[in-house]
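Biologist: I'm new to reading protein models. Could you walk me through a few features, one at a time?

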Amino acid sequence: MRLELPKNVERFGAIRFGDLQKVFELDAGPGNGSMPSATQAIQAIPHRELYAIFKNMAIIIPVRSERLKLIEGVLSGVPHPCLIIVVSNSPILPIDRFSMEQDALNDFCNFVGKSALIVHQKDPNIARAFEKAGYTGILDEQGLVYDGKAEGMLIGTMLARLAGKKYIGFVDADNYFPGAVEEYIREYAAGFIISQSKYSMVRIAWHSKPKIAESKLFFRKWGRTTSNTNQLLNKLIAHYTGYETEIIKTGNAGEHALTADLALNIDYSAGYSIEPYHIVNILEKFGGILESPLPDIMMKSIEIYQIESRNPHLHEAGDQTHIDEMRREAMQVIYHSPICPDSIKREIKTDALKRGFIGTNKIELDRCRNFPALSSIDTEIFLQEIASTPYGRLLADRSVTRQEWRIV
Ligand code: GDP
Ligand code: CO
């Protein structure tokens, strides 16, 4: 892979936000590449370095009622050395879609010769593990993990931690292009190679999203929800720096990866608000505006990379309600952040009223459920509770897993 280093970096407290990076070559050639040096604007990342990261990376695929053919395509795009973790919230009745997903993953693993983890979001063992570890905020009235993409991602992150993975990447299950999935994961790895910090995050900005307009393909660059979220996050940053900025281009990026060190130390927010909240929470914890609860990390730097993918992004189109929900949730997490100034709150409220997200008689926007950092969870307690499950056995048997996840 050959890509540019961020041309511009904005510093905010301990955080370094990198500007959008362009990819020049998906494959930079077999012998090419050396470790990045700050003096070279365009870097060829060596293959062996990418593979060294893949070996240490878990790819979490959240699934809810996606077509099997789509999931199979996504699986085929994940580089072999990565550990696949599927977290499904698909219904079991009237048809057991989860067991179909398990079957498909099993076949895939047999054919390619590797192991993967699959877990259902409503698995009572997972719920008990969170409960025994004292992480009860994730449980609903039935005592099971709440619905929601973020909640599935939290389960996946916990399993990745138990598997001892250093890097955690997310890819959606509804992607039509396996080649795009592969590209995102290469970009995650490239970002981590360029990064100088243990606490880093790579977010993908899609090159374009194809739509059919007047019976032709039109490649749209920025969706309206994404533009709105980016604009609000940029205003939030500008409020404190005093300089208008466009640095955030990936406010709603579902495709992103984090070092485990960062993933375990930030808080999470429910459903689709998770992606903008990552930025908001990093600003809260490490932006230097509020006192940091993690002064040790504050002494280091937190690096955020934004890489523009070459493949267009084509996924199952969400309906208007879904798009509204994403927009509303992004507005909610920014609005309720303790660092959100009154001027931006007023702006969000006016927009929320206009869009009918709040009624005229309602003063406040709803709050999204919030989950504290997973670092508080005792891994031994958690592992004990899932010991009898297939994924728990695989995780406990480190000798087997280490061997099976070896690069071939
Ligand atoms: P969008 O791409 O951001 O518009 O959102 P999608 O509806 O495509 O969801 C993104 C990914 O999360 C897809 O792979 C979904 O199948 C998955 N997903 C959505 N809701 C849930 C959920 O409640 N639990 C889990 N585990 N995954 C979910
Ligand atoms: Co989607």
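Modeller: Sure. This is a predicted model, and a salt bridge is a good place to begin. Look for a side-chain nitrogen of Lys or Arg within 4 Å of a carboxyl oxygen of Asp or Glu. Here, Asp19 and Lys249 form one through their side chains, with 3.1 Å from N to O.

Biologist: Where in the chain do Asp19 and Lys249 sit?

Modeller: They belong to distant parts of the chain, 230 residues apart. Asp19 is in strand β3 (residues 15-25), while Lys249 is in the loop between α7 (224-241) and β12 (256-259).

Biologist: How many salt bridges does a search of the whole structure find?

Modeller: The search turns up 17.

Biologist: Okay, on to the ligand. How do I read what is around it?

Modeller: Start with the residues that have a heavy atom within 4 Å of the ligand. For ligand 1 there are 18 of them, and the closest are Pro62, Glu66, Gly148, Asp174 and His322. Next, see which elements they come from: β5 (57-63), α5 (149-162) and α11 (320-335) each give at least two residues to this shell. By type, the shell splits into 6 nonpolar, 6 polar and 6 charged residues.

Biologist: Which residues make polar contacts with ligand 1?

Modeller: For a polar contact, you want a pair of N or O atoms within 3.5 Å. Asp174 has a polar side-chain atom 2.7 Å from an oxygen atom of ligand 1. Gly148 uses its backbone instead, with an N or O atom 2.8 Å from an oxygen atom of the ligand. Gln121 places a side-chain N or O atom 2.8 Å from a nitrogen atom of ligand 1. On its own the ligand has 570 Å² of accessible area, and the protein covers 90% of that.

Biologist: What about empty space? How do you find something that isn't there?

Modeller: You roll a probe the size of a water molecule over the atoms, and that shows where empty space is left. If the probe fits but cannot get out, the space is a cavity; a pocket is open. In this model, 1 cavity of 30 Å³ or more is counted, and the largest cavity holds about 60 Å³ of space.

Biologist: Which residues line the largest cavity?

Modeller: The lining is Leu68, Ile71, Glu72, Leu75, Val86, Glu101, Ala104, Leu105 and Ile118. Two or more of them come from each of α2 (68-77) and α3, and α2 has the largest share, with 4 residues. The lining has 7 nonpolar residues, no polar ones and 2 charged ones.

Biologist: And a pocket? How big is the second largest one, and what lines it?

Modeller: Its volume is about 390 Å³. The second largest pocket has 19 lining residues, and Gln102, Leu117, Ile118, Pro390 and Tyr391 lie nearest its centre. At least two lining residues come from each of α3 (97-112), β7 (116-120) and α14 (390-396), with α3 giving the largest share, 7 residues. By type, this lining divides into 11 nonpolar, 5 polar and 3 charged residues.

Biologist: Last topic: the backbone. What should I look for?

Modeller: Check the angles. The peptide bond between Leu93 and Pro94 is cis, with omega about -5°, and Pro94 is in the loop between β6 (83-88) and α3. Then there's Ser65: it is not a glycine, yet its phi is positive, about 55°. You'll find Ser65 in the loop between β5 and α2.

Methods
Residues are numbered from 1 along each chain as its sequence is written. Chains are lettered from A and ligands numbered from 1 in the order in which they are written. This is a predicted model: local features need pLDDT of at least 70, side-chain atom pairs count only at pLDDT 80 or more; totals for chains, interfaces and linings use all residues. Side-chain values use heavy atoms; hydrogens and water are left out. A polar contact is a pair of N or O atoms within 3.5 Å; within protein, one must be able to donate a hydrogen and the other to accept it, and residues adjacent in sequence count only if both atoms are side-chain atoms. Accessible areas come from the Shrake-Rupley method with a 1.4 Å probe; for residues, only the protein chains shown count as cover. Ala, Val, Leu, Ile, Met, Phe, Trp, Tyr, Cys and Pro count as nonpolar, Asp, Glu, Lys and Arg as charged, and the others, Gly among them, as polar. On a 1 Å grid over the protein atoms alone, a cavity is a set of points where a 1.4 Å probe fits but cannot get out, and a pocket is an open set with protein on both sides within 12 Å along at least five of seven lines; lining residues have an atom within 4 Å of a point. Grid points are joined across faces, edges and corners, and a volume is the space filled by probe spheres set on the points.
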